[in-house]
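Reader: I am a first-year student, and I should be grateful for a close look at a single part of this model. Please begin with that part and then set it among its surroundings.

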Amino acid sequence: MIFRQLFERVSSTYTYLLAGETSREALLIDPVKEDVPRYLQLLKELELRLVVGVDTHVHADHVTGLGDLRDETHCTTIMGEQSRAECVTRKVADGELIKVAGVELRALYTPGHTDDSYSFVMSDRVFTGDTLLIRGTGRTDFQNGDSHAQYDSLFNKLLKLPSDTLVYPAHDYKGWTVSTIGEELAHNPRLQVASEPEYVELMNNLRLADPKQMDVAVPANLACGTPAR
Ligand code: FE
């Protein structure tokens, strides 16, 4: 499998490119609108054809590249079935498979950061969106976020994956690139709680400022980052 972790500096977003070695079919997870030209260039350089674009959730901190990529490459655009982004071509439910030749992802519904948050699982790795970050977890104080649901998504779903599963989040603000489920269980400060109420209490007291691009990004992302047509 071909794999690239791409970083967008303004919103500290990771975008993942996955592709089949022989098929040259590619999939992008969480593309950022401003970086679409860069993705198209890289796809060309690696002689790949973009078949699928996926967003883990409706983002509040950057505008998605899904709409532009769909217009440029005619790729299928995918989000979870709870998403209110009506622009996507396919909505997946928990357990459904997303395939391009040589790459297979299993959708895992992990609400909490938002009510439409999904993680995508492969045999050796998981793309955790903003549900599980490296040494952190996604905030739960807007976009129908719910710290109770996030506790369940973390402790009863993601952290049940094999401990050597690689963790690839949608963001990192400190320079981390990859972790494992075991490493996060042991060292992620947000996960060192004894109970769900303790986690909820922790999350309810973060008092974070709204993301800078939120007022622009959320409405734009409900339209896949492209104006209504
Ligand atoms: Fe987010």
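How many of the residues of strand 3 (residues 25-29) are buried?

Author: The model is a predicted one, and the values below are computed from it. In strand 3, five of its five residues are buried, and the strand is thus mostly covered. The side chains fall into two groups: Glu-25, Leu-27 and Ile-29 point one way, whereas Ala-26 and Leu-28 point the other way. Residues of both groups are buried.

Consider next the partners of this strand. In general, the strands of a sheet pair through backbone hydrogen bonds, and they do so either parallel or antiparallel. Strand 3 offers an example of each arrangement. Strand 2 (residues 13-19) runs antiparallel to strand 3, and four bridges join the two. Within this pairing, Ala-19 stands opposite Ala-26 of strand 3. Strand 4 (residues 49-54) runs parallel to strand 3, and here five bridges make the connection. Leu-27 of strand 3 stands opposite Val-52 of strand 4.

The two connections along the chain may be described in turn. Strand 2 and strand 3 form a hairpin, with five residues between them. Arg-24 lies in this loop between strand 2 and strand 3. The phi angle of Arg-24 is near 65°, a positive value in a residue other than glycine. Arg-24 has a relative accessible area of 28%, and it is therefore classed as partly exposed. From strand 3 to strand 4 the chain takes another kind of path: it crosses through helix 1 (residues 36-45), and this β-α-β crossover is right-handed.

Helix 1 also leads to a small feature of the interior. Rolling a probe the size of a water molecule over the atoms shows where empty space is left. A search of the whole structure finds one cavity of 30 Å³ or more, and the largest cavity has a volume of about 30 Å³. The residues that line this cavity are Leu-6, Leu-17, Leu-28, Tyr-39, Leu-42 and Leu-43. Helix 1 supplies the largest share of the lining, namely three residues. By class, the lining has six nonpolar residues, no polar residues and no charged residues. Leu-28, one of the lining residues, is also among the buried residues of strand 3.

Beyond strand 3 and its partners, the model holds an iron ion, whose protein donors are His-57 through NE2, His-113 through NE2 and Asp-130 through OD. These donors lie 2.0 to 2.3 Å from the ion. The spacing of the donor residues in sequence is H-x55-H-x16-D. The pair of His-113 and Asp-130 links distant parts of the chain, the two residues being 17 residues apart. His-113 belongs to the loop between strand 8 (103-109) and strand 9 (118-121), and Asp-130 to the loop between strand 10 (125-129) and strand 11 (132-133). His-113 has a relative accessible area of 6%, and it is therefore buried. Asp-130 also counts as buried, because its relative accessibility is 6%.

There is also an open space to consider. The largest pocket has a volume of about 640 Å³. It is lined by 28 residues, of which Asp-61, Leu-133, Arg-139, His-171 and Tyr-173 are the closest to its centre. The lining of this pocket comprises nine nonpolar, eleven polar and eight charged residues.

Finally, strands 8, 9 and 10 also appear in an open sheet of six strands, which has the order 7-8-9-10-13-14 and mixed pairing. Its edge strands are strand 7 (97-100) and strand 14 (179-180), each of which pairs on one side only. Strand 13 (residues 166-169) and strand 14 run antiparallel and are joined by two bridges. In this pairing, Val-167 has Ser-179 of strand 14 as its bridge partner. Gly-102 lies in the loop between strand 7 and strand 8, and it counts as exposed because its relative accessibility is 65%.

Notes: Residues numbered from 1 in each chain as written. Predicted model: local features only at pLDDT ≥ 70, side-chain atom pairs only at ≥ 80, totals over all residues. Heavy atoms only, no water. Donors = N, O, S within 2.8 Å, 3.2 Å for Na, K, Ca; no water. Buried < 20%, exposed > 50% of the residue type's maximum accessible area, 1.4 Å probe, protein only. 1 Å grid on protein atoms, 1.4 Å probe; cavity = no way out; pocket = protein on both sides within 12 Å on 5 of 7 lines; lining within 4 Å. Points joined across faces, edges and corners; volume = space filled by probe spheres on them. Nonpolar A, V, L, I, M, F, W, Y, C, P; charged D, E, K, R; others polar. Pairing = 2+ DSSP bridges. Right-handed = clockwise from strand over helix to strand, strands pointing away.
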